[in-house]
Amino acid sequence: MTDLEGLHARAAETLDIAEPWVRRAFEAVPRHEFVPGTVWVVDGGVYQPIRRADDPERWARMVYDPAQAIAIQVDDGAPDPAGGDVPTSSISAPAAVVTMLAELDLRPGHRVLEIGAGTGYNAALLAERVGVERVTTLEIDPDVADGARVALHRAGYGGVTVLEADGEQGWRSGAPYDRLVATASVTSIPWPWVAQVRPGGLILAPFRTTFCSHGLARLTVSEGRAEGRFAGAVTFMAVRGQRARPRIDAVFSTEAWEESRESKADLDVAVLADPHAEFAVGLRLADVAHWPQDGGHWWCSRDSWAYATDGAVHQWGPRNLADETAQALAWWEGAGRPELFDFGLTVTTHGHRVWLGDPSGAWPLPAA
């Protein structure tokens, strides 16, 4: 018989959670009550279902693996019979969950708006700190929202308010909130979030650029703005209204390849394995996607492409994206290799400004 309680206790010990209330909440909330009986894992390049009824031991180990996020939905709930392509809802890895909760500075009595109910697990952890009646969680997918409601009731947190809504718009009727926490990443902080949090309140949101998927913005709200530093490197699925997937099929033709500009690579792409370097380049090239593939590296923007491998670079379109990356890396090196924690973000009704060191050193983010 699967020892869920033992796995739960070992996960708590492995995580070594420093914030006392977060540790108490993690120990109190049975994570397995929030994970559906069918989850999705990559097998053969596609997502395939794993069913608790078929392999309860594997399912349980996944649930309490401190570093593992688990996909609970793929392709918005309509995967191909041969397998799913893209995960579209998940329960976050315990390590990411407790990291974000520790950054939230949550106090008893706070009113919390959560963007992205998912399984309902994070809402239950929040409720352990502030009470079920003070947590509102929004979920855009009706099936996922229903699943969260069922799980929260089953686990004893039925007083949490679960609403089917577009999280980017927040929930005005419950404002103002003391804390707003997102469990999906954004490339820009929606202004309704700022408007619905009281002055002195906090917004905690996974933040990504097209170039770099990891980041965590921790912003304090004041009159007419939200401002703060990046507090960590976490990667979450994007909110549905800010999804973007690069397409490379247009360049896979002999004609397109012959039209590319070829040059020697004056770029050490290995440096991008440093998460701080990738983050910094992403802030400067926020509209450029980059990913390694088959021993090479691809870049794309709305109108340009680049591919680098074996010391050569091929580039298409009006921009030289590999060159821009090299310039951004040179800037990062010249600035003393700052870490992501050295950067910050200011949000106003006029847009975003990212900065290094203090808010006076700012430049505008390119349009996402």
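Two helices count as oblique when the angle between them fits none of the other classes, which are under 35 degrees for roughly parallel, over 145 for roughly antiparallel and 65 to 115 for roughly perpendicular. With that in hand, the helix pairs of this predicted model can be taken one by one.

Helix α9, residues 275-284, and helix α10, residues 321-334, cross at roughly 120°, and their axes come within 9 Å. That angle falls outside the named ranges, so α9 and α10 are oblique to each other. The crossing of this pair, α9 with α10, is right-handed. On the α9 side, the contact is built from H276, A277, A280, V281 and R284, while α10 brings in T325, A328, L329, W331 and W332. Sorted by class, the residues where α9 meets α10 come out as 7 nonpolar, 2 polar and 1 charged.

Another oblique pair turns up with α2 and α5. Helix α2 covers residues 20-28, and helix α5 covers residues 121-130. Their axes lie 9 Å apart, and the packing angle is about 125°. That makes α2 oblique to α5, and α2 passes α5 in a right-handed crossing. From α2 the contact takes W21, R24, A25, F26 and A28, and from α5 it takes Y121, L125, E128 and R129. No polar residues show up in this contact of α2 with α5; the split is 6 nonpolar and 3 charged.

Helix α2 also packs against α1, which spans residues 4-15. What is the angle between α1 and α2? It is about 160°, with the two axes 9 Å apart. Since angles over 145 degrees count as roughly antiparallel, α1 and α2 are therefore roughly antiparallel to each other. The crossing of α1 and α2 is right-handed. Here α1 contributes H8, A11, A12, E13 and L15, and α2 contributes R23, F26 and E27. The residues joining α1 to α2 divide into 4 nonpolar, 1 polar and 3 charged. One name is worth spotting in both of the α2 contacts: F26 is part of the contact with α1 and also part of the contact with α5.

Next come the pockets. The second largest pocket has a volume of about 220 Å³. Its lining is made of 14 residues, and those closest to the centre are P36, I72, D143, V144 and G147. Which elements supply at least two residues each to this lining? They are strand β3, residues 70-74, and helix α6, residues 142-154. Of the two, α6 stands out, as it gives the most to the lining, with 6 residues. By class, the lining of the second largest pocket holds 7 nonpolar, 5 polar and 2 charged residues.

Finally, a couple of backbone details sit in loops. The loop between β3 and β4, with β4 running over residues 87-91, contains D75. Phi of D75 is near 50°, which is a positive value in a residue other than glycine. Further along the chain is P176, found in the loop that links β7 (161-164) with β8 (177-182). Is the peptide bond from A175 to P176 cis or trans? This bond is cis, and its omega is near 0°.

Terms used: Residues are numbered from 1 along each chain as its sequence is written. This is a predicted model: local features need pLDDT of at least 70, side-chain atom pairs count only at pLDDT 80 or more; totals for chains, interfaces and linings use all residues. Side-chain values use heavy atoms; hydrogens and water are left out. Axes are lines fitted to C-alpha atoms, for helices over the stretch in contact, and angles run from 0 to 180 degrees between N-to-C directions. Helices (H or I, at least four residues) and strands (E, at least two) are DSSP runs, numbered from the N terminus. A crossing is left-handed if the near helix is turned anticlockwise from the far one by less than a right angle, and right-handed if clockwise. Contact means heavy atoms within 4.5 Å. Ala, Val, Leu, Ile, Met, Phe, Trp, Tyr, Cys and Pro count as nonpolar, Asp, Glu, Lys and Arg as charged, and the others, Gly among them, as polar. On a 1 Å grid over the protein atoms alone, a cavity is a set of points where a 1.4 Å probe fits but cannot get out, and a pocket is an open set with protein on both sides within 12 Å along at least five of seven lines; lining residues have an atom within 4 Å of a point. Grid points are joined across faces, edges and corners, and a volume is the space filled by probe spheres set on the points.
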